[in-house]
Amino acid sequence: MSPLTLFLLASLILLALGLIGLITRRTIVGLLISVELMLNGAGLSIVAAAKTSSITGLLDIHGQLAALFVMGLAAAEATLVLAMALVVQRRFGQTTTDSLTTIKGS
Amino acid sequence: MNDILNNIFHSLARLFADLEAWLAPFLPSQDLAAYLAFAFYVLLLLGGGLVAVLARNLVRATLGLIITFLGVAGMYLLLASPFLALMQLLIYVGAVCVLIFFAIMLTKNTSDGEEARCPRLSNLSLAGLAGLAPLVVIGPLIYQGTSSLVTRRPADTVANLGEGLLSIDLLSFELISIILLVAMAGAVYLAFRPHGGRAR
């Protein structure tokens, strides 16, 4: 197996684990953990594809920068989910996804 | 005093050089060492990921997530991008995990809370299906469709990355700064409670 195959299979494992977590977790924070797993897999696959291709120079760096942007997006997403979990906790008293039944709370 | 320290240092260095020369026939080659390191990182990634997904205590799940992040950082090192590995440690382990800990504590997710119950069997089987789907669909494609074009190449310097950030990726760079600003402002707007007022 070529190195690219190995790295892509590792990122595929991360994607599968994240999907399993998305379905079995009940609270918003648990979902956040699963989504972070999947985003890590995405970044790993991007860097692996960029570094094991025959392209060098700026286009190779392009791949690493794309992974950096994925990290930035993950950080922004984590901030927003933290704020949303706070609001949900105040309004519904719990953070299970089943409790989110109304848009405009009483 | 300085001479004595110098002497000790030099004799230590000679000792290590002798030791390395003696051990050289037994040490693995560079390729084998890379594969061994890869296997170790995959173990970290798998074990941490399983803990993160299956642990019934969210704090333990976050610790598993940290181990997974460490494994991915090691893979970035293997891919000759040490700056990304450093950023992985700084951003994910240093920032995102702390944010998740804050979220756990602020939402009163106790160890006997909602996540402590085992999920239903139907839920678990659906989750297994969802996890198998990408493995079955994308796995064979990866196995057949990737060719090995890998060449040994030196690690990129941070200066190269910065140059790329301001030339080829300029638009994404500006966009992500706006996204971070909007996310920060949105988080403050959502979580801010005026003095004595009710929550939004």
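How many helices and how many strands does chain B have? Chain B has seven helices and zero strands, where helices (H or I, at least four residues) and strands (E, at least two) are DSSP runs numbered from the N terminus. From the N terminus on, its elements run α-α-α-α-α-α-α.

The model is predicted: local features need pLDDT of at least 70, side-chain atom pairs count only at pLDDT 80 or more, and totals for chains, interfaces and linings use all residues. Residues are numbered from 1 along each chain as its sequence is written, while chains are lettered from A and ligands numbered from 1 in the order in which they are written.

**Chain B**

Of the 200 residues of chain B, 19% count as buried. A residue is buried if 20 or more other C-beta atoms, placed from the backbone, lie within 10 Å of its own, exposed if 12 or fewer do, and partly exposed in between. Two residues are in contact if their C-beta atoms, placed from the backbone, lie within 7 Å. Among contacts in chain B between residues at least 6 apart in sequence, 49% join residues at least 24 apart.

Two helices of chain B can be checked against their expected span, which is 1.5 Å times one less than the number of residues.

| Helix | Residues | Number of residues | Expected span | Distance between end C-alpha atoms |
|---|---|---|---|---|
| H5(B) | 121–145 | 25 residues | 36 Å | 36 Å |
| H7(B) | 170–191 | 22 residues | 32 Å | 32 Å |

H5(B) bends by about 35 degrees at Ile138(B), and Pro140(B), a proline, follows within four residues. The bend at a residue is the angle between axes fitted to the seven residues ending there and the seven starting there. In H7(B) the number of buried residues is one of 22, so H7(B) lies largely in the open.

Another proline, Pro82(B), is in helix H4 (residues 82–106) of chain B. Pro82(B) is partly exposed, with 15 other C-beta atoms within 10 Å. Leaving aside neighbours within four places in sequence, Pro82(B) is in contact with Leu77(B) and Ala155(B). Pro82(B) and Asp156(B) are 74 residues apart in sequence, and their C-alpha atoms are 8.3 Å apart in space.

**The contact between the chains**

The contact takes 68 residues from chain A and 73 residues from chain B. On the side of chain A that touches chain B, H1 (3–24), H2 (28–51) and H3 (58–92) of chain A each supply at least two residues. The largest share, 26 residues, comes from H3(A). By class, this side of chain A has 42 nonpolar, 20 polar and six charged residues. Here Ala, Val, Leu, Ile, Met, Phe, Trp, Tyr, Cys and Pro count as nonpolar, Asp, Glu, Lys and Arg as charged, and the others, Gly among them, as polar.

**Packing of H2(A)**

Axes are lines fitted to C-alpha atoms, for helices over the stretch in contact, and angles run from 0 to 180 degrees between N-to-C directions. Angles under 35 degrees count as roughly parallel, over 145 as roughly antiparallel, 65 to 115 as roughly perpendicular and the rest as oblique.

Within chain A, the axes of H2(A) and H3(A) come within 8 Å and cross at roughly 175 degrees. The two helices are therefore roughly antiparallel to each other. The residues of their contact divide into 19 nonpolar, four polar and three charged.

Across the chains, H2(A) and helix H3 (residues 58–78) of chain B pack at an angle of about 5 degrees, with their axes 11 Å apart. H2(A) is therefore roughly parallel to H3(B). The residues that meet include Ile33(A), Leu37(A) and Leu44(A) in H2(A), and Leu65(B), Phe69(B) and Val72(B) in H3(B). By class, this contact has 12 nonpolar, four polar and one charged residues.
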